[in-house]
2 protein chains.
Amino acid sequence: MTDRIREFLRNRRDDGPCVVVDLEVVRENYFAFARALPDTRVFYAVKANPASELLHLLAKLGSCFDCASVAEIEMGLAAGATADRISFGNTIKKERDIARALELGVRLFAVDCQAEVEKIERAKLLTGAKGVKVFCRILCDGAGAEWPLSRKFGCVPEMATDVLEHAHRRGLEAYGVSFHVGSQQGNVNSWDSALASASAIFRECATRGINLSMVNLGGGFPTKYLKNVPGVPRYGDAIFRALSKHFGNQLPETIIEPGRGMVGNAGIIEAEVVLISKKSDEDTARWVYLDIGKFGGLAETMDESIRYPIRTRHDGADMGPCVLAGPTCDSADVMYEKVPYMLPFSLEIGDKVLIEGTGAYTTTYSAVAFNGFPPLKQYTI
Amino acid sequence: MTDRIREFLRNRRDDGPCVVVDLEVVRENYFAFARALPDTRVFYAVKANPASELLHLLAKLGSCFDCASVAEIEMGLAAGATADRISFGNTIKKERDIARALELGVRLFAVDCQAEVEKIERAKLLTGAKGVKVFCRILCDGAGAEWPLSRKFGCVPEMATDVLEHAHRRGLEAYGVSFHVGSQQGNVNSWDSALASASAIFRECATRGINLSMVNLGGGFPTKYLKNVPGVPRYGDAIFRALSKHFGNQLPETIIEPGRGMVGNAGIIEAEVVLISKKSDEDTARWVYLDIGKFGGLAETMDESIRYPIRTRHDGADMGPCVLAGPTCDSADVMYEKVPYMLPFSLEIGDKVLIEGTGAYTTTYSAVAFNGFPPLKQYTI
C-alpha cells in the first residue's frame, strides 16, 4: 500500500471492486531490474497488465516488450516502443499473425518445434521480411514456483538444437534459447540448471556451424504475497553467477521478461464484504463472500496457488478461520477453502478490504460479464 | 450439430473462434422441460447464456428467469418478462442491489442465512415494497454431478427452518426451500434425498405456524457431452415420484432452474488448430493447441471437469492421444492432460474443429482480453 493509492481510494466515488496501480512503484521496479542485471535488456511481459499508461511509462523508461499476440504488439507500438524492442514471445501463433507481426516490423520470435519454424519461414517469404530471428524455448522443471506449471511451452533441450538448425536451414537467424523457471519463483538458484542446458545447446549448435547469440532468461520474478520473497538484487547476483559459470567469459546477450515482478506489488484491489455466514451452527469457519472472486480478477487463486495478503480496518483484532468466496452463483468461485484464510472476527458485511499484490494478472483474467458482473475496473495513478 | 449451424458456419467470414447457438434447439428444450414437469414453472438460469435473442425467445415462450445480479434482472425485463417472472436467485447480494431489484418489481429472493434475511428486510423498509418472498437454500451433497461442487451455497436443513422463521418474524413471506443437486447431474434420483429434507422443513415450519408454499428444484439437468445422459422425461418422472413420495397429495408449488440443460446442446464452438507438436522425439502424445482455451470460453475444462465432444474433418480416421491446450502464454491454459484426448493422427495445423455442447457457460466465462485475445464471439441463429 502506498500513500498515493490510499489517497486515491479515499476520494473514490465509484461502486464495485477496482484495482489501483501506482506507476511510481512500477518505475522503481523497472530500475531495480535494470540495476540488478545491467547488461540485460528488460522485455516487460505485457500480458501481466497491458494498461496503456503503464506501457507508456515503461516505453519511456526504455523497456522492451514481450508480447503474446498481435493485439499486444500493437499496444507496445502504440505506447511508443519501436518494433525492434518487441518480441513475439508466444510459441503458439497463427501463421497470419506471424505475417502481421512481420509487417509491423517485429523480427524476434519464440518457437519450440519445427512446425512453428516453418510457419515463420512461410510468413517471411510472404512478407519479404529480412533478418528474422528465432529463439527456441526449452522445458524447465519449474521447481520452487508457486503458480501451476505445465509442460505446455518448450521442448526438451536435445530437441532444441534440431529446431534451431531447422530454422538456420530455412533462412531464419537461429538466435538463441529461452526458458521460464516458473512463475512466482522463490528460489534464486533456479536459473542455474536451465543455463547449463542453454550453454550445452550453444556448444552443440556451434559444432553444427550455428552461432547463437542470446539467452532469454524469462520471467518468474516474484511479487511479495503472504510469504517473503528474495529481492531483485539477489536474483541478479544468482543469475550473473550462473551465467559466468556456464558461459565463462563468452557471456551471451541476455534478456529478461518480468511481468508479475514488474507490476504485481504496484497494484491494490479494493473490494467489499457482501456476506458473512455459517453453513450450520456447529461450523467453526465463517464463509466470507467478497464482491470479487475467481471470475472477477482473482483467477490466480485457482488451486489456491496465489495467497494474497488481505487488509481490513480491523487488522490487529482477534482472527478466526474463513472460507473466502466470490459473488457469483458458481460453486467453483471459492478462493480459499482447503487452507482457510484468517480474518478478524470483527469483520462486518459492507466492510471494504484491500487485497495486496494485485497489479499483475488480475484485470485481464476478468470474465467479460459472468453472472452479469462487470470486469474489474482499473485505475493507474 | 444442426443443419442450420452447419449452414451458418459454411458462410461465415469472420476470423477467430466463435460459438453459434441454434434457437430452434432452445425452443425444443423449453418444451421438453414444460412437458416433463407440466406443473412446474421454468426459471431459466440467465448466467448460463444471457444472449439477448435467447432471452427474448424464452420470454415469449413463457419462461421465467433465475437471475444472479441486477444486470441479469435488467436483461430479463428487457427481454419482455414481467418482474413477477423473475427470481433473484443469488444467496450473496449487496443490500443496495436487493433494493434496486425491489424497485424493479422483483419479489422473490434466495437466502441461506439470517444476515441475508436482514438485508432484504432493510431493503424492503427502504423501498416500501410489499409481498416480498424468500426461499432458503439448503446444502445438498451433489453426488453424481460432474462440475465441481462446493459448500458455497445453502445451509444445513436444520438451520433453514430458523432462517425461514427469522424471515417470517421480520415481515417477509417465508416462501419455500431450494436446493441444487449439482451441475451436469447424471443421476435422475438425486432429487429424492433433497426433497426428503425439503418436506421435513415444510413440516417443521408448519409446527411453528409457518406455511411454506414452494420448492425450488434448482438446475443440474445435463447436456450430452462425451457420455450419454438421461433425457428430460426421465428427470421429470423421477422428480414427480420423489415429490409424491415426500409430499403425498399436498404437492407444493415447484420451479426448476435449467441453464446448461436449456442451452448447452444448442451451441457449437468453431475453433482452429494453431499448432501440433511434441516436446521430445520420444513423446507418444501430441500437443494440440487451439485458438480457444480455458480463458477464452472453455473455463469448464477446469480440473478436466467437462469433457466436450470435438469433431474434425478427419473423423473416422485412426486416432492417438493428445494433450489439448489453449493459445495463451499461460501454463495453466491446458484443457485435457491428465486424461489425454483422442484425436485423428491426420489432424493438421489450420484445421477447423467443432466443439459440441458449448451453448452454456462459455461466452460469459471468457476473459476480457487475456494475452490480448478478444472474448468469444457469439451468434444466435
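This is a guided tour of a predicted model with two chains, A and B, told as a series of things to select in your viewer.

**Stop 1: the two copies together**

Start by showing both chains in two colours. Two copies of a chain are related by a rotation about an axis and a shift along it. Here, a turn of 180° and a shift of 0.0 Å along the axis lay chain B on chain A with an RMSD of 0.0 Å. The two copies are thus related as by a two-fold rotation axis. To find where that axis runs, select B:A367: among the residues of chain B, its C-alpha comes closest to the axis, at 2.1 Å.

**Stop 2: where the chains meet**

Now look at the boundary between the colours. How many residues of chain B are in contact with chain A? There are 55, and they touch 55 residues of chain A. Select helix 4 (70-78), helix 6 (114-127), strand 10 (267-277) and strand 14 (334-344) of chain B, the elements that each give two or more residues to this side. Strand 10 of chain B supplies the largest share, four residues. If you colour this side of chain B by residue class, you should find 32 nonpolar, 12 polar and 11 charged residues. Of the interface residues of chain B, 100% are also interface residues in chain A, so the copies meet through the same surface.

**Stop 3: the barrel**

Hide chain A for a while and show chain B as a cartoon. In which order do the eight strands of the barrel follow one another? The order is 2-3-4-5-6-7-8-9, and the pairing is parallel. Neighbouring strands of this sheet are turned by 30° against each other on average, ignoring direction.

Zoom in on one pair: strand 7 (residues 173-178) and strand 8 (residues 214-216) of chain B, which run parallel and share three bridges. Select B:V177 in this pair and you will find its bridge partner, B:V215, in strand 8 of chain B.

Next, bring helix 6 of chain B back into view. This helix lies across strand 5 (108-111) and strand 6 (133-137) of chain B, and runs at about 150° to strand 5 of chain B.

**Stop 4: a strand with two neighbours**

Select strand 1 (residues 18-21) of chain B. In a regular strand the side chains alternate between the two faces of the sheet. In strand 1 of chain B, B:C18 and B:V20 lie on one side, B:V19 and B:V21 on the other, and all of them are buried.

Which way does strand 1 of chain B run against strand 16 (residues 377-380) of chain B, parallel or antiparallel? The two are parallel, joined by four bridges, and B:C18 has B:K377 as its bridge partner there. With strand 10 of chain B, strand 1 of chain B also forms four bridges, but this pairing is antiparallel. Here, look for B:V21 and its bridge partner B:G267.

**Stop 5: two packed helices**

Stay in chain B and select helix 2 (residues 23-36) and helix 3 (residues 52-61). Two packed helices are described by the angle between their axes and the distance between the axes. For this pair the angle is about 35° and the axes are 10 Å apart. The crossing is right-handed.

Show side chains where they meet: B:L23, B:V26, B:R27 and B:Y30 from helix 2 of chain B face B:E53, B:L54, B:L57, B:L58 and B:L61 from helix 3 of chain B. Seven of the residues in this contact are nonpolar, none is polar and two are charged.

**Stop 6: over to chain A**

Bring chain A back and select helix 5 (residues 95-103). Its buried residues are A:D97, A:I98, A:A99, A:A101 and A:L102. To see what covers them, add neighbours including helix 4 (70-78), strand 4 (86-88), strand 5 (108-111) and helix 6 (114-127) of chain A. After helix 5 of chain A comes A:G105, with a positive phi near 100°.

**Stop 7: one last strand pair**

Finally, select strand 3 (residues 64-67) of chain A. A:C64 and A:D66 point one way, A:F65 and A:C67 the other, and all are buried. Strand 3 of chain A runs parallel to strand 2 (residues 40-45) of chain A, with three bridges between them. End on A:F43, whose bridge partner in strand 3 of chain A is A:C64.

Definitions and conventions: Residues are numbered from 1 along each chain as its sequence is written. Chains are lettered from A and ligands numbered from 1 in the order in which they are written. This is a predicted model: local features need pLDDT of at least 70, side-chain atom pairs count only at pLDDT 80 or more; totals for chains, interfaces and linings use all residues. Two residues are in contact if their C-beta atoms, placed from the backbone, lie within 7 Å. Ala, Val, Leu, Ile, Met, Phe, Trp, Tyr, Cys and Pro count as nonpolar, Asp, Glu, Lys and Arg as charged, and the others, Gly among them, as polar. Copies are superposed by least squares on the C-alpha atoms of residues with pLDDT of at least 70 in both. A residue is buried if 20 or more other C-beta atoms lie within 10 Å of its own, exposed if 12 or fewer, and partly exposed in between; C-beta atoms are placed from the backbone. Axes are lines fitted to C-alpha atoms, for helices over the stretch in contact, and angles run from 0 to 180 degrees between N-to-C directions. A crossing is left-handed if the near helix is turned anticlockwise from the far one by less than a right angle, and right-handed if clockwise. Two strands pair if DSSP finds at least two bridges between them.
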